[in-house]
Amino acid sequence: MKTKSKKIVIGNMKMHGSLDFNESYFKSLKQKLSLFNELSITLCVPYPYLFQAQKILMGSNIHWGCQNVAKELEGPFTGEVSASMIKDFQCELVIVGHSERNTAYCESDENIAEKFNMIKKNNMTPLLCVGENLIEREAGIMEKVVSEQIKTILDLYGQDIFKGSIIAYEPIWAIGSDSAASPEQIEKMCEFIKQLIYSNVTDNDDVNIVYGGSVNAKNAVQLCEINGVDGILMGRASLDVNEFYEICNSIHKI
Ligand code: PEP
């Protein structure tokens, strides 16, 4: 779904939306973002609206994805949604390891690794979120934290699993806040992640890194121009069609 030359733009609706809201939101995005074929655009919707997203976004340049998936394929797992179920709705990308889930539902690195594997096995793109909290940053252990998050997957499934996947560097302290991480902090972490992955992955050109955390129309260009950044993941900004458009419009020529 993504070629290395295309900047990646991913919107995360989180737990927002309704049939009514989505009807005009999806249609407006479809129409306004149709200009940006140089971008790889994906919108991660809540499960109940996958069918609606598929129906409206089908045939557009916007892909649709989910925000989580079960680590099992089927069985007695009340409330869970499997990879094959979301695949039925042509879901192409799945967020895994988002810090909001890790905090609220105590997801372990092993759990996240199993979900990552399940997404790959079902031919979808995993978007793995990694990042440190403020205490970890202030203690200077952010690289250790991120390395543990990534290494669990490498140790369990080996190098090749990262081919074609996306890693989102999302410092937890920058999510939902007033300001994004600095270009220096982002560049350093991207370089660290790329080295960690590249020393383990043979086809090293096939892993993408995006930045997430308070992306908006004002900072999108600067963020996308950082060395090692292949695109952006946005929460709040993606819910506003005009802001989404402005972001795409500002970065589509980079
Ligand atoms: C996120 O939660 O992944 C995120 C990037 O949120 P926001 O853009 O609102 O900071």
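**Exercise 1.** In this predicted model, work out how many bridges join strand β5 to strand β6, and whether the two run parallel or antiparallel.

*Solution.* Start by finding the strands: β5 covers residues 125-130 and β6 covers residues 166-169. Now count the links between them, and you get four bridges, with the strands running parallel. For one facing pair, look at Val-130, which sits opposite Tyr-169 in β6.

**Exercise 2.** Place these two strands in their sheet: what does the sheet form, and what lies across β5 and β6?

*Solution.* Follow the order β1-β2-β3-β4-β5-β6-β7-β8, and you've traced a closed barrel of eight strands with parallel pairing. On average, neighbouring strands in this sheet are turned by 25° against each other, ignoring direction. Next, look for the helix: α8 (residues 183-198) lies across β5, β6 and β7 (208-212). Helix α8 runs at about 145° to β6.

**Exercise 3.** Describe the largest pocket: how much space does it hold, and which residues are closest to its centre?

*Solution.* First the volume: about 460 Å³. Then the lining: there are 17 residues, and Lys-14, Met-15, Gln-67, Asn-68 and Arg-101 are the closest to the centre. Sort the lining by class, and you have eight nonpolar, six polar and three charged residues. Finally, helix α4 (residues 99-105) gives the largest share, three residues.

**Exercise 4.** Now try the second largest pocket: which elements give two or more residues to its lining?

*Solution.* This pocket holds about 240 Å³. Its lining has 18 residues, with Ser-99, Asn-102, Gly-131, Gln-149 and Ile-172 closest to the centre. The elements you're after are α4, α5 (109-121), β5 and α7 (142-157). Here, too, α4 gives the largest share, three residues.

Key. Residues numbered from 1 in each chain as written. Predicted model: local features only at pLDDT ≥ 70, side-chain atom pairs only at ≥ 80, totals over all residues. Heavy atoms only, no water. Pairing = 2+ DSSP bridges. Axes fitted to C-alpha atoms, helices over the stretch in contact; angles between N-to-C directions. Contact = heavy atoms within 4.5 Å. 1 Å grid on protein atoms, 1.4 Å probe; cavity = no way out; pocket = protein on both sides within 12 Å on 5 of 7 lines; lining within 4 Å. Points joined across faces, edges and corners; volume = space filled by probe spheres on them. Nonpolar A, V, L, I, M, F, W, Y, C, P; charged D, E, K, R; others polar.
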